[in-house]
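Colleague: I am new to this structure and should like to learn how to read it. May we take its features in turn?

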Amino acid sequence: MDWGTDLWDQFDIIEKHTQWGLDLVEKYVKFVKERTEIEQNYAKQLRSLVKKFNPKRGTKEDQDCKYTHYQSFLDILNEMNDYAGQREVIAENMMMNICIELTKYSQDIKHERKSHLLDGRKSQQLLESSYKLLDNSKRRFEREWREAEKAGLNAERIDQDINATKADVEKAKQHANLRAHVAEECKNDYAAQLQKYNKDQNQFYFIDMPQIFNKMQDMDERRIKKLADGYRTFADIERRVIPIIGKCLDGINKAADVINEKNDTLTLIELNKSGFERPMDQEFEDYSQGINRTASDSSLGTPKTPADSRIDHRATMKNKNKLWPFSKKNKPTNSEDFSHLPPEQRRKKLQQKIDERNKELQKELDQRDALNKMKDVYQKTPQMGDPNSLEPQIIQTMNNIERLRLEVQKYESYLLNAEGRQVNRSDTLKYNAHYNQTTTINNNNGSLEKDSPEAAHSDDSSQDNISQPIYAEFDDDFEEEESILPIGQCTAMYTFDGSSEGTISMTEAETFSVVEEDKGDGWTRVRRANGDEGYVPTSYVKITLQKK
């Protein structure tokens, strides 16, 4: 069964059906395009969601990564990011393998269909032209035959008329014969046209149109098969990424499995253990008895005046209800020896500084060895370079090595102090003087940059008495500090919530006064116009210091 045999007379139906098939292809392409847009928007929203919950670098959340359950949460975010990538792969493959390919195929089918329909219409026009010639010859034959018949009857009537002359009779017979001859020629022409039309009609209905209809049938079947392949591809594209999506989901399950609540508890203890001893019981102070209090050891035996007693009494009443472990304190000023931190945290910070300086020191030592080897090579082969050109780099490297060694010794002495081991006071003063002198010499030689932390340290130390010790003791009950003059201005480049103790919140483009520069720990102390002070991340602000 085929269109040429069974639908030989349904040209219009075939034309409409093939157009409907092309419209269906375009409708499916439009459906897949909208599906790809959904996938792309879904992937975009997933990536935005992951970005929203991913921690920013340099924030407090970097420390939270040490907890297994928080690290698992970050792993889940990474898996979701990969999952979003697979949705993008689905959208891209659907666009390339279905939309673009079917659109191109549809254009080819349109051209092919147009060609077949044009051939069919040409065949129709040829048949119609042949029929018109047949109809004209038929009518002409009919007309001439009637004229011939009428001329024959007229010739007979004249021949029987006794009044007609012989010439009239002869003339009538010649006219009748002429008409009969013309009628016979029209008859033969009509017969020839009829034979030609029947041949053209058979050619049209049995050869030309069946071939055209069968070609259109083949075209339509190929369109249907291509559309079926598009339907199958629609499923196969997503099926191919299912294993990868499954791995993403397995990764989420794995992230949940690696959580260890006991380790997280130990991590919290390790990160925040202060090392302080628990406070002793408070002694009862009976103010109802007028007994003279024993002078404290810090008074050096000097008896207290009544005014001193009143001051001590007010200080005692002020701190009477203070529960030190649970009271909220303003964050004290960061000191170089981290004495503002609890003992345990102070030891960790100092050990971290020692490790960092040792690592930098090893790099400088390796660079020194490399420069010395290069200098030896230049001395042996002068054509390779001038040995004197390396002298500034060698001097700079030696100065850096000396500076780093002094810093290592400094932090080691801080660490000994933090661990409770005694440090000789004279050695400390000697070290302080030696460090300041070395820094000054380096500054004079141009070995230190003006903006380096060591240069800033040298400038600060040169203003103080050289005999002043590095370590200073601070009263834990010190509540208020003298107002410090700002040293510059800063503008917030990002928003910071300031949720941790001692920090201050800020919004983008907000301005502050800089009270204290970054000491190398990534924090800068700032002050608002209303007097609020706190620490903000140095990388979050743009600082402009006042010129001295």
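Modeller: Let us begin with the interior. The largest nonpolar core has 19 residues, and those with the most contacts inside it are Y28, V32, M94, I98, L102 and F234. This is a predicted model, in which local features need pLDDT of at least 70 and side-chain atom pairs count only at pLDDT 80 or more, while totals for chains, interfaces and linings use all residues. Residues are numbered from 1 along each chain as its sequence is written, and side-chain values use heavy atoms, with hydrogens and water left out.

Colleague: What is a nonpolar core?

Modeller: In soluble globular proteins, nonpolar side chains tend to be buried together. A nonpolar core is a set of buried Ala, Val, Leu, Ile, Met, Phe, Trp, Tyr and Cys residues joined through side-chain atoms within 4.5 Å. Buried means under 20% relative accessible area, exposed over 50%, and partly exposed in between (1.4 Å probe, protein chains only).

Colleague: Which helices each supply at least two residues of this core?

Modeller: They are α2 (11-53), α4 (68-160) and α5 (166-257). The most comes from α4, with seven residues. Helices (H or I, at least four residues) and strands (E, at least two) are DSSP runs, numbered from the N terminus.

Colleague: With what is V32 in contact, leaving aside its neighbours within four places in sequence?

Modeller: Contact means heavy atoms within 4.5 Å. On that basis, V32 is in contact with M94, I98, C99 and F234. There is also a second, separate core of twelve residues, which includes W3, F11, L117 and Y197.

Colleague: How should one read the faces of a helix, and which residues of α6 are buried?

Modeller: An α-helix has 3.6 residues a turn, so residues three or four places apart point the same way. In α6, the buried residues are D264, T267 and L271. Seen down the axis of α6, they fall within an arc of 55° (taken from the directions from the helix axis to the C-beta atoms), so they line one face of the helix. On the other side of α6, K262 and L266 are exposed.

Colleague: How far does α6 reach from its first C-alpha to its last?

Modeller: Helix α6 covers residues 261-272, twelve residues, and reaches 17 Å, close to the 16 Å expected at 1.5 Å a residue. The expected span is 1.5 Å times one less than the number of residues.

Colleague: What caps the N-terminal end of α6?

Modeller: The cap is N260, with a side-chain oxygen 3.1 Å from the backbone nitrogen of K262.

Colleague: Let us turn to a strand. Is T524 buried or exposed?

Modeller: T524, which lies in strand β3 (residues 523-527), counts as buried because its relative accessibility is 1%. Its side chain makes a polar contact with the side chain of T538 (2.8 Å). A polar contact is a pair of N or O atoms within 3.5 Å; within protein, one must be able to donate a hydrogen and the other to accept it, and residues adjacent in sequence count only if both atoms are side-chain atoms. Not counting residues up to four places away in sequence, T524 touches several others, including V514, Y535 and I543.

Colleague: How many helices and strands are in the protein chain?

Modeller: There are eleven helices and five strands. Of the 548 residues of the protein chain, 29% count as buried.
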